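Please open the model in a viewer and keep the selection tool at hand. The tour moves from whole chains to single residues.

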There are 2 protein chains.
Amino acid sequence: MAIIFHYNKTLLFSLFSLLFFFTFSSSHIIPKFPSPLIRPEQQLNSASVKNKLYRTKFYTQILDHFNYNPQSYQTFQQRYLINDTYWGGAKKKAPIFVYTGNEGNIEWFTQNTGFMFEKAPYFNALLVFIEHRFYGKSMPFGGNKKVAYANSSTLGYLSSTQALADYATLIIDLKNNLSATDSPVVVFGGSYGGMLAAWFRMKYSHVAIGALASSAPILHFMDLVSPYVFTNIVTQDFRSESEHCYNVIKGSWKLIEETAKKHGGLELLKKSFRICNNNDIGAGALEGWLQTAWIYTAMTDYPTPSNFLSPMPAYPVKKMCEAIDNSVTENNHTLGKLYAAANIYYNYTGTAKCFDLYDNSDPHDLGGWQWQACTEMIMPLDSNNKESIFPESEWSYKDRSSYCKFEYNVVPRPNWITSEFGGHDIEIVLKRSASNIIFFNGLRDPWSGGGVLKNISKSIVALVEKEGAHHVDLRFSTKEDPKWLKDVRRQEVKIIESWISQYHQDLATII
Amino acid sequence: MAIIFHYNKTLLFSLFSLLFFFTFSSSHIIPKFPSPLIRPEQQLNSASVKNKLYRTKFYTQILDHFNYNPQSYQTFQQRYLINDTYWGGAKKKAPIFVYTGNEGNIEWFTQNTGFMFEKAPYFNALLVFIEHRFYGKSMPFGGNKKVAYANSSTLGYLSSTQALADYATLIIDLKNNLSATDSPVVVFGGSYGGMLAAWFRMKYSHVAIGALASSAPILHFMDLVSPYVFTNIVTQDFRSESEHCYNVIKGSWKLIEETAKKHGGLELLKKSFRICNNNDIGAGALEGWLQTAWIYTAMTDYPTPSNFLSPMPAYPVKKMCEAIDNSVTENNHTLGKLYAAANIYYNYTGTAKCFDLYDNSDPHDLGGWQWQACTEMIMPLDSNNKESIFPESEWSYKDRSSYCKFEYNVVPRPNWITSEFGGHDIEIVLKRSASNIIFFNGLRDPWSGGGVLKNISKSIVALVEKEGAHHVDLRFSTKEDPKWLKDVRRQEVKIIESWISQYHQDLATII
């Protein structure tokens, strides 16, 4: 990914929105499994455990649902994972829970969506996790990622509307094959997958009776929310831990830039942050590396130890601020404190020898998001200078557009998402024309700023948790889960139960 | 259109569904306006009247909304007609009534949708009639129909989903330009335009607050209704006038085929039906010509004289049966009676000298429907032999598919429409996830068999009229309109009024 070489502050912030989990500056060496710090749900990568969780299947999917030119008829193999251990079966019209896959390898999301596995026995539900086209193994153009990602002629078929139509056709076909046309489908998703789940319920209400859309920032588009919400929430997350912590991070950008300018400063920075020897270090790259740590930690500020983006302790933002506030460093130097905090995100297992600022590894196969962010996912993110923990920056559609022209020779369509899915006056629109959606948001999650935070109707419900982070509700439960998290999941179960029961009642009226 | 040369009974019936108004065997010389028989609403083609009705505008529309490959960025000029004479304006949040154009020249549909013009003053509504891509003047590929219709590579972009997205983007842009984002939009449509209106409300509920879907057979798809409903209704229409009339038409196919086999029989048929001299006549072509007359007359069996498909008297089915039952012909010959009946459809103005069975003229530019019927609009139509007024036939998806392969080298996607828009269990689906749709159907209209005929909820209402024909409610009113028709329109106005009032109340809660 060439962008790390075109780094500057403005661009950096315009890139915030490029990925929910942007990988271009995540630059660290994380040991692979197993590790004593890794939780049970994090050990799922071992083949035997995976085999117990799901079977892998493929569906022959059409390349283009909306056109009929010859190339639209091309097909590809779309991966989905299935678990029928708990399913009550077609005869009982037992439900089907479908995860609408996000911008990455579906196995990763599946392994981080323990909620569905844990609730399947209660609901006698069939579990299906569908991979998003152009991610993981679901690669058009003969399964060849190199070809699929070659240029805009092939990447052009990577879009949210195509993905939703994929889900609809796959689900319908699967139900037919299982003779389970009367089994109600509930869709689940987190983050972009949550947006897809919500949109799926809105657009394909004949396929899914309801959606649990967790941390789905469906309002994070042009003119709908302030571009500052995201960075404001990260700021608030750290500031809520300690004013000193906030001030140290806020002041760090100037410190790093001034240090970099000094004779021997770059070497000092390199040493302070244990940057690998082969890295050409610059202030911008280092700042990006730190910002990634603060942002991802804010997003995944879970109340229990976790390993979603990286192995981390419970309440990692608090831990970071403790490191900044309390760590004893050589000469009490600020750089050392910042390093100690960043270390919690990049090296909680303590095995990293050095950090590569330019690490391009993409273990979860998230790279396609950059294309989506260059076409339809124009989610403005900005940092204002007064209060923000981040350097001042100005969101610029022009910058995004230039980048996309440069990288893909493509022009974004910034108004498409709101044209296709709405967003303006969402409360009065959905109240009259939709139902059965749960929007979960945790307010410590910076993406919650673009979420639906108020109940819209009796059946379009916003579950909002002050202490929650990015789709925490969907994670495997642990013994240490706080009460509010248990309550959220209990509410979700109750609501989903009511949808299913209503569906069965409705169905009885027409049979 | 090559299909008229591949005529056989089975194929004929499989072609019933090729067009709402299939043109391939409508073969008559109709005088152009003015004519003493033509009603006021039918004189709209004169330039001065048209100028009063609407102004013509064009919108730069994107070729492909759902993909981002280079060709998807091509644009074309989409025509729309606008009338702001009665509009209350953006400040008053006065409504915008949008007709979602069908498979033809938008001027034709506009001129046959007097309801919108007549009700605009009451609602202070802006009127907009949008032409469907690939029809009329809304031709992609540089406005060049020859290129646009050249083959499946260009025709591929003709699809219902693209059309709906066209409507959404055009309406949103228009509202922005008029600073009228708060003006509620109500969509209207008849026949395929009615299907689009209903689907638009379902899929773009953030753009339109409600839809009047008149004679919209959204259920006329694979596995949803019996393929016999259409021909059964035509049968019933004629049979309800007289058993003798029904028996004569029902017996005519055998009569024609036997006559054709006799020495001199083809000449006799040609003479009896005043077929033009240059026509090579065969029994199949003649039967198709007659079936067109019976079907179109059943569809447009309006209670007042009209000129939608052809100039016709009030209650033309009754008139046809009167011709069959009572007309005095040479030797009381059945062929003469059939001719007299067909004459009501093909030559009510009495000026035709002869009839061209192979007339390919397409004055309303409906030809693109054939492509749509070869890709997504797979609406099975069949005739069973027991009761049907038509020859026995068997609906065959295989025949359709072969034809489409032959004609366009394209494979239909018979399940796409129900995958994308639903249809199964529609009553329980829409009850929970949609609102504000009026489905009007007249039971004399053969397309009503695929319509929504029962109320689904308080706000998804079926208006069903025993005496009604194809979107009769949308036509200009006349002094002779029967009470039931006036009542239907009154109900429609009342319901639309309630949507607008509800919208304004909703809006007030968030401002």
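The stops below each name a selection and describe what is found there.

This is a predicted model, in which local features need pLDDT of at least 70, side-chain atom pairs count only at pLDDT 80 or more, and totals for chains, interfaces and linings use all residues. Residues are numbered from 1 along each chain as its sequence is written, chains are lettered from A and ligands numbered from 1 in the order in which they are written, and side-chain values use heavy atoms, with hydrogens and water left out.

**Chain A**

Select chain A and colour it by secondary structure: 19 helices and 10 strands appear. Helices (H or I, at least four residues) and strands (E, at least two) are DSSP runs, numbered from the N terminus. Of the 511 residues in chain A, 65% are buried; buried means under 20% relative accessible area, exposed over 50%, and partly exposed in between (1.4 Å probe, protein chains only).

**Both chains**

Next, superpose chain B on chain A, using least squares on the C-alpha atoms of residues with pLDDT of at least 70 in both. A rotation of 180° with 0.0 Å of shift along its axis achieves this, with an RMSD of 0.0 Å. The two copies are therefore related as by a two-fold rotation axis. Both copies use the same surface, since 100% of the contact residues of chain B recur in chain A (contact: heavy atoms within 4.5 Å).

**The largest cavity**

Now select A:Met202, A:Phe421, A:Leu430, B:Ser205 and B:His206, which are the closest to the centre of the largest cavity among its 16 lining residues. On a 1 Å grid over the protein atoms alone, a cavity is a set of points where a 1.4 Å probe fits but cannot get out, and lining residues have an atom within 4 Å of a point. The volume of the largest cavity is about 150 Å³, taken as the space filled by probe spheres set on the points.

Add helix H8 (192-203) and helix H18 (426-433) of chain A, and helix H8 (192-203) of chain B: each supplies at least two residues of this lining. H18(A) gives the most, with 4 residues.

**Two loop residues**

Select A:Lys93, in the loop between strand S2 (75-83) and strand S3 (96-100) of chain A. A:Lys93 is not a glycine, yet has a positive phi of about 50°. With 25% relative accessibility, A:Lys93 counts as partly exposed.

Finally, select A:Asn124, between helix H4 (114-123) and strand S4 (126-130) of chain A. The phi of A:Asn124 is also positive, near 50°, and its relative accessible area of 38% makes A:Asn124 partly exposed.

Note on methods:
1 Å grid on protein atoms, 1.4 Å probe; cavity = no way out; pocket = protein on both sides within 12 Å on 5 of 7 lines; lining within 4 Å.
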